[in-house]
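Student: I've just opened this one and don't know my way around. Can you walk me through it?

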Amino acid sequence: MVHIKVNIQLLLLKICFFFVFACLGPTVGFLPTIAKQLGYSLTTFGVTMTFMSLVSMICVPLTGVIVDKFRIKKILLLVVILGSGVVSLLFLFVPKAPLDVDTTELKCDAETIFTVFNENNLKMTSNNTINYNSSNEIITCKLKCRYAELCSDYEIVNLNNQSDLSDSWISTINDIKNQNKYNQIDLTLKLKNMEKNMKQIANSYAFQVLSIQMNDTQILSPTCQCYLKTFCHVMNCSNNNNIMDIAAVTTYRGNVLNLYQFWIFFILVATNWACQTVIVSLINPICLDTLGEKSSEDFGKQKCWASIGWGSFSIFIGWLVDIFSINKKDKDYSPVFYSNIIMTILNFGVVYKIKVVETNKSKGRWKNMYGLFTEYYMISFCIWSIFNTLFHTIVTHFLFWYMEDLVSANNDHNKQAWLKTLQGLAQGIQCFGGEIPFFFWSGWIIKKFGYGNCMAIVLGAMAIRMYLYTVIWNPIWIIAIELLNGVSYALGFAVKMSYAKMLAPPDTLNTIIGFIGLFDCIGESIGSLLGGYLFDTYGGVWSFRFFAYTSIVMCFISIVTNYFGLVKEPITVKINAESTNMDMKITNNDIDKKI
């Protein structure tokens, strides 16, 4: 009979890793596109995530200090897990930014022209849904127009003039009952020399107005004795929403700090970010403490379950978002938050069963830590950690936004319908094709090549990965590129945790990981702020190339640093290297003797 011995504590840790990252994966992955759908720009999102990095910068070291001093690791973990579930529930009620902006212009003189401003740079091509088969097509639109004064000295001459809009307009605004900001107007439009007008007025389309229905009065071929100009918001149109698509505004252009909608979004993101940061900050040292001396070899094998949770739920939730969004104008992200609530409840029960090894109080802990952070190998490691996190932040926060831009640039509506599934598949490949193998074999790789060489390999792989994003035109190719996530992220994370475990003085592991997390937060804040600005200003291609070149430079610096011995290696690696050199010398001596 075969007896299988199961370590219950490690099994519970694997399940906990799975649940934590099953929540974290879809939330982090889709957060940029959620912000975009809510009406916020890349710059706004980048600045927001910079503040999230500051939240992490406070939470990570503070968590390490608190649990090392008060030994409340398990209690704190249960509290923040519960908090993340509550925040996920509240996310379902986050309102959108107000986007009802006047993007059309109505001008009346010798003739009446209706101009639609193309706020989203959509093109009227044969490959686009915004396409007109006939220049004689009659379109009916309902508008909400601004209150606009006419000439100060204008007087109504003949209200029965059926073609004069100015008479009807001034009689309407003089009516006390109708003196408000908007007047409801129905327009019947006919296209006017579309191609010629496109050349004359950049990013706008002009239409000749055949008739106007205003306050139950119809005006045919409207003209104005007194020049009239007003701006309008399109309520609806008869031509399959084509004009609506052109005039639609997807990004709030004003100061978001004045919006209560933004502050609701910001506070919920900050609270969720703080909870998830504390959870990850606690679960990693709990795992390392449970593994004990085998932490450098077996940590990746436990951590790979985080990738399984992240990848599987990213694919599943991405598919659910597309299914829930069928026949809807916007994507329905409710499956992201409903799944978070379910996973949080299950994870709470799992963590309750985990036996946590609390830190023993020891004297001189702070003195030992201060001495550690003044060592050259610790300084070089912290610098590497900043840049490694910076580059990973660029991919995490802006890759999905870049994928949406690629789909929009190609006008591919089939991919647009299933874009969330494609994005989920990309995250799935990141995990199953990249992270899991490298987490599983990270112990062997680190032991074989050493920490210094692995640090250089991680930066080199990240450079290749980001450059490849810029040479593709079809977002499907990103799925293949994401195989590099194993080298550029999983290996780097395993190196970071194992190196911290090796360097940490006795009973300071939580605090050391907390302070290393502080440097990670610096990299994340720089990446969020700089990435948001560059992507918004120069676009995805040039931004990814800039960071790819920067990663190559840092890879070269890492190689030089390792060459001069500024990276501390474990004794086993040094013994293996010395034995290899000794074998080479013996082999060379044998060859010399034979010669």
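Tutor: Let's start with one residue, S442, which lies in helix α13 (residues 419-449). Helices here are DSSP runs of H or I with at least four residues, strands are E runs with at least two, and both are numbered from the N terminus.

Student: Where do these coordinates and residue numbers come from?

Tutor: This is a predicted model, in which local features need pLDDT of at least 70 and side-chain atom pairs count only at pLDDT 80 or more, while totals for chains, interfaces and linings use all residues. Residues are numbered from 1 along each chain as its sequence is written, and side-chain values use heavy atoms, with hydrogens and water left out.

Student: Back to S442. Buried or exposed?

Tutor: Buried, because its relative accessibility is 1%. Buried means under 20% relative accessible area, exposed means over 50%, and partly exposed is in between, using a 1.4 Å probe and protein chains only.

Student: What is S442 in contact with?

Tutor: G300, L491 and A494, leaving aside neighbours within four places in sequence. Contact means heavy atoms within 4.5 Å.

Student: Zoom out. How many helices and strands does the protein chain have?

Tutor: The protein chain has 19 helices and seven strands. Of its 595 residues, 52% count as buried. Take the contacts with a separation of 6 or more: residues 24 or more positions apart account for 82% of them.

Student: Give me an example from the start of the chain. Where does Q9 lie?

Tutor: Q9 lies in helix α1 (residues 8-38). Q9 counts as buried because its relative accessible area is 18%. Q9 and K353 are 344 residues apart in sequence, yet 8.6 Å apart in space, C-alpha to C-alpha.

Student: And which residues does Q9 touch?

Tutor: T290, K353, I354 and K355, not counting residues up to four places away in sequence.

Student: Now helix packing. How do α14 and α16 cross?

Tutor: Helix α14 (residues 451-469) and helix α16 (residues 485-503) have axes that come within 8 Å and cross at roughly 150°. An axis is a line fitted to C-alpha atoms, for helices over the stretch in contact, and angles run from 0 to 180 degrees between N-to-C directions. The two helices are therefore roughly antiparallel. Under 35 degrees is roughly parallel, over 145 roughly antiparallel, 65 to 115 roughly perpendicular, and the rest oblique.

Student: Left-handed or right-handed crossing of α14 and α16?

Tutor: Left-handed. That means the near helix is turned anticlockwise from the far one by less than a right angle; clockwise would be right-handed. The contact includes Y451, C454 and M455 from α14, and N485, V487 and S488 from α16. By class, it has 12 nonpolar, four polar and one charged residues. Nonpolar covers Ala, Val, Leu, Ile, Met, Phe, Trp, Tyr, Cys and Pro; charged covers Asp, Glu, Lys and Arg; the others, Gly among them, are polar.

Student: How about α16 and α17? What angle do their axes make?

Tutor: Roughly 135°, and the axes of α16 and helix α17 (residues 509-538) come within 9 Å. That makes the pair oblique. The crossing of α16 and α17 is right-handed. K496, M497, A500 and K501 in α16 meet L509, I512, I513, I516 and D520 in α17. The residues of that contact divide into six nonpolar, no polar and three charged.

Student: How do α2 and α17 cross?

Tutor: The axes of helix α2 (residues 42-70) and α17 come within 8 Å and cross at roughly 175°. α2 is therefore roughly antiparallel to α17. This contact has 15 nonpolar, 13 polar and three charged residues.

Student: Switching to strands. Is β5 mostly covered or mostly open, and how many of its residues are buried?

Tutor: Mostly covered: in strand β5 (residues 204-214), eight of 11 residues are buried. Strand β2 (residues 112-117) pairs with β5 in the antiparallel sense over five bridges. Pairing needs at least two DSSP bridges between the strands. T115 has A206 in β5 as its bridge partner. β5 also runs antiparallel to strand β6 (residues 217-220), joined by four bridges.

Student: Any odd backbone angles? What is phi of S221?

Tutor: Near 40°, a positive value in a residue other than glycine. Most residues other than glycine have a negative phi. S221 is found in the loop between β6 and β7 (228-237), and S221 is exposed because its relative accessible area is 51%. N327 has a positive phi too, near 65°. N327 is found in the loop between α8 (295-324) and α9 (334-353).
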